Amino acid sequence: MGKERKWRWKKTKPPRETKQEKEKMPISTDLKENEAILKERLGIGINFDVGVRTLRLLDRDLHLYFVTGLCDMEYVIELLKELMRLESNNREDRPDDVMETIENHLTHVQVEYKDTLDDCIVEVLSGLVFILVDGESRGIVIDVRNYPGRGPEEPDNEKVIRGARDGYTENIIESTALTRRRIRDERLRTEIMRIGDRSQTDVCLSYIDGIVDPEMVDIVRKELESIRIDGLPMAEKVVEEYIVDQGYTPFPLVRYTERPDVAAAHLLEGHILIIVDASPSVIITPTTLFHHVQHAEEYRQAPFIGTFIRWIRFFGIFASIFILPLWLLVVLEPQFLPDPFQYIGPSEDSNVSEFMQIFLAEIGIELLRLAAIHTPTPLATALGLVAALLIGEIAVEVGLFTSEVILYVALGAIGVFATPSYELGIAIKVMRLALLIAVVSFGSAGFVIATLIMFLLLVRLRVFNKPYLWPFLPFDAQSLWQIMVRTTVPSLRYRPRIVHPKDPIRQTSD
Amino acid sequence: MWSYHQRVASIGFFGGFIWSMVGYALFYLNFTSVGPALALDPWALPDWKKTYIGHLVGIIFLSILSIGVAFLYRYTLQKLSSIWPGVIFGVVLWGIVFYFFHPIFPSLKPVTELDADTIITTLSLYILYGVFIGYSISFEYEEMERSQS
């Protein structure tokens with residue numbers, strides 16, 4: 001491996017199979033033979049949703065295979081009508097090339113020839129219909145897909161006050177369309193591939209040719225193509241684990257978004273999108289830590305306000321990690337407290353040690369959060385009431401918790417909720433717990449050394465060979481400025497260097 | 001876009017600035033008994049060098065001094081692309097300041113008499129400082145090589 005490929009490849013990567021492409025079954029010219037094979041393979045007669053419509057057309061037998069529920073029957077009826085009209089119009093005058101005549105009468109935009117039964121089977125199971133004609137060794141596939149699904153709605157966890165309210169949907173075609181609606185560039189590429197030996201899930205690799213680093217696209221494409229799993233029911237999360245080596249890092253290595261405007265902004269910066277069918281979350285890669293602490297809302301406000309929001313959020317995240325362990329440290333070793341802050345620390349004696357209080361409260365909050373995820377809305381109020389009373393009031397009165405512990409634990413929890421990335425929020429929580437354990441075990445030395453080790457581990461982390469803490473470390477003053485301050489858009493002249501854009505200039509100033 | 005040397009200079013300056021600020025914060029929280037004002041120790045200055053002004057001036061002085069440190073790294077170790085040379089660089093710098101240059105800091109106690117907290121905290125800071133300068137410069141060097149090839 002060359003110098004560029006320094007990130008660790010997944011150690012447990014399954015051995016790349018050397019098997020050749022499975023021998024594909026050709027289409028026989030004898031329709032009866034095809035019918036028998038398809039009946040067996042598609043389970044026609046056993047499956048209620050796979051069907052075949054037979055027609056007699058131009059003195060030939062014609063079979064149309066379909067899956068109900070995945071294709072739009074209106075179109076199929078339209079196709080059949082036209083074929084029947086073809087039959088009745090040409091009773092005397094039989095055309096020479098039956099196949100071509102049929103193709104010319106298929107009233108649809110996407111019509112394709114296929115040479116093997118395997119291709120036809122995959123297509124029909126994706127919701128297309130295919131036509132086999134007696135005496136022909138080719139099949140015609142017509143895209144009449146219509147998947148059950150919802151319309152584009154605003155994603156729940158990426159709301160903004162102003163701006164676009166559409167979001168990606170479970171339908172990969174709609175998702176790519178939402179992206180293309182924002183970038184009409186002819187160089188926007190949407191490569192599609194099927195992953196999963198059984199599920200045959202559509203995965204789309206999207207980037208802008210001419211901006212993106214071509215080497216990066218090759219790496220991601222290769223990683224995607226080497227996936228040999230039976231299915232991807234958990235969609236983009238499975239793909240993520242294949243393309244980046246997560247290891248035991250709690251930190252999110254790719255960014256997810258359900259907002260087409262966020263995705264389009266990243267495409268224009270030279271990032272790659274991976275859209276997986278049946279999931280509205282889209283992967284943005286490569287990303288660094290600082291991609292996870294930004295939010296679309298900042299770009300919907302004035303630059304000054306955007307910067308203000310961002311600084312408040314940075315402070316919240318920072319406080320969320322360090323305030324609680326520092327407080328525990330000054331409680332355990334009061335000599336660290338600077339004179340102006342002497343009032344900090346529990347004034348009353350508690351029955352439970354401070355560490356146990358914090359630990360229990362943290363676990364409690366985590367439990368409540370988990371519970372809140374799958375509590376139906378009508379019960380959420382009751383849950384909130386229980387939470388507020390249980391932890392806030394009664395625990396103090398009983399003497400289990402001191403009020404100060406609750407204050408600092410709440411501060412930490414708010415920081416987690418203020419993190420735009422849900423995954424990063426949990427990683428922060430884990431870091432805080434690790435620091436707390438270090439403090440209670442080794443005191444101040446534990447605090448300093450644990451912070452140092454965690455920081456160095458983050459520094460060492462690389463995603464697609466991009467340092468995770470860039471632009472803070474490796475330090476890049478100009479790029480860090482863009483992160484510390486939400487600058488005005490007209491002043492953004494360059495694309496971020498970290499993605500190695502082929503065209504680094506975002507806008508020219510004349 | 002900045003040139004390589006401009007980047008090295010900025011890495012040095014901000015490396016000195018950021019980590020001496022962190023050092024001041026840790027000094028304020030009593031993690032260490034030496035703050036950024038240590039940098040002013042060799043000079044005979046009025047009493048303000050023992051107050052917060054001394055620390056702030058120390059921060060500025062260290063920031064400027066770090067530009068030189070960054071260029072030292074750039075001319076010696078820039079080709080080593082890992083965090084470990086930076087860690088070792090930091091440890092060596094700490095050794096130089098606390099052992100080798102010890103005589104020029106009248107108020108600094110010998111290492112054997114320093115408390116454990118001070119040693120751990122300052123050593124950690126120097127490691128972070130070394131990694132910051134070392135890793136950043138070797139990354140910039142790689143990037144420069146990459147864009148030239």
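This briefing covers confidence, one helix, aromatic pairs and charges over rings in a predicted complex. The predictor gives the complex an ipTM of 0.94 and a pTM of 0.86. Chain B has a mean pLDDT (predictor's confidence in each residue, from 0 to 100) of 91, and 100% of its residues reach 70 or more.

**Conventions**
- Residues are numbered from 1 along each chain as written, and chains are lettered from A in the order written.
- In this predicted model local features need pLDDT of at least 70, and side-chain atom pairs count only at pLDDT 80 or more.

**Helix H12 of chain A**
- H12(A) covers residues 403-418; helices are DSSP runs (H or I) of at least four residues, numbered from the N terminus.
- Its 16 residues should span 22 Å at 1.5 Å a residue (times one less than the number of residues), and the end C-alpha atoms are 23 Å apart, which agrees.
- Buried residues (under 20% relative accessible area, 1.4 Å probe, protein chains only) include Ile406(A), Tyr408(A) and Val409(A).

**Aromatic pairs**
- The structure holds 27 pairs over all chains (ring centres within 6.5 Å; Trp by its six-membered ring).
- Phe13(B) and Phe14(B) are edge-to-face (planes over 60 degrees apart), with centres 5.3 Å apart and planes at 90 degrees.
- Trp43(B) and Phe61(B) are also edge-to-face, at 5.4 Å and 75 degrees.
- This pair links distant parts of the chain, 18 residues apart.
- Trp43(B) is partly exposed (20% to 50%) at 45%.

**Charges over rings**
- Arg138(A) lies over the face of Tyr113(A), 4.0 Å from the ring centre (cut-offs: CZ of Arg within 6 Å of the centre and within 35 degrees of the normal).
- Arg74(B) has its charged end over the ring of Tyr75(B), 4.2 Å from the centre.

Note on methods
Heavy atoms only, no water. Helix = DSSP H or I, 4+ residues; strand = E, 2+ residues; numbered from the N terminus. Phe/Tyr/Trp six-rings, centres within 6.5 Å; stacked < 30°, edge-to-face > 60°.
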